[in-house]
Amino acid sequence: MIETQICFEVDGAVVSLADLADEYLVEMLAHTEAHIRQQVQRQLSGVRCAEHGAAPRVTVTASYAADVDQMELSYHVDACCPALLLRAVGALNR
Ligand SMILES: [Zn+2]
C-alpha cells in the first residue's frame, strides 16, 4: 500500500471536504480523491527501494478553479533516496 495524501485547494485556498458547503463540489472532489488514490496505487505498486526496502510516499495537491471549472494536480514524492525517487517519478509519469 502506497501512503498517499491528498490536499485540496479551491480557488487558491486550502480546503477540507468537511468544511465545504457545496454538495456538488464535495462529491466531485471526493470522486477525484478516490480516483487519484487508485491511480497512484496502480502506478506505484511494486515500486520499492532495492537498497532500503521502503516504498515512496506521495502527496497530491488537487487545485480546483471554479470559474473555469479546471482541476490541476501536482505530485510531491518523498523517498528514502534519489534512486527510489527517480523510479517513483518515472512510474507516475508512465
Ligand atoms: Zn532507498
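**A quick tour of the fold**

Strand β1, residues 3–10, runs parallel to β3, and 8 bridges join the two. This is a predicted model, and the protein in it has 2 helices and 4 strands. Followed along the sequence, these elements come in the pattern β-β-α-β-β-α.

**Strand pairing**

- Within the pairing of β1 with β3, valine 10 faces tyrosine 64 as its opposite residue in β3.
- β1 also pairs with β2 (residues 13–15), this time in the antiparallel sense, over 3 bridges.
- Here glutamate 9 of the pairing stands opposite valine 14 in β2.
- The hairpin of β1 and β2 has 2 residues between its strands, and aspartate 11 adopts a positive phi near 50° there.

**The nonpolar core**

- The largest nonpolar core holds 7 residues: Val40, Leu44, Val58, Val60, Ala79, Leu84 and Ala88.
- At least two residues of this core come from each of α1 (23–44), β3 (57–65) and α2 (82–92).
- Ala79, a member of that core, touches Pro56, Leu84, Leu85 and Ala88, leaving aside residues up to four places away in sequence.

**Overall dimensions and contacts**

- The C-alpha trace spans about 45 × 20 × 20 Å along its principal axes.
- Of the 94 residues in the protein, 11% are buried.
- Take the contacts between residues at least 6 apart in sequence: 59% of them join residues at least 24 apart.

How values were computed:
Residues numbered from 1 in each chain as written. Predicted model: local features only at pLDDT ≥ 70, side-chain atom pairs only at ≥ 80, totals over all residues. Core = buried A, V, L, I, M, F, W, Y, C linked by C-beta atoms within 7 Å. Buried ≥ 20, exposed ≤ 12 C-beta atoms within 10 Å, placed from the backbone. Contact = placed C-beta atoms within 7 Å. Pairing = 2+ DSSP bridges.
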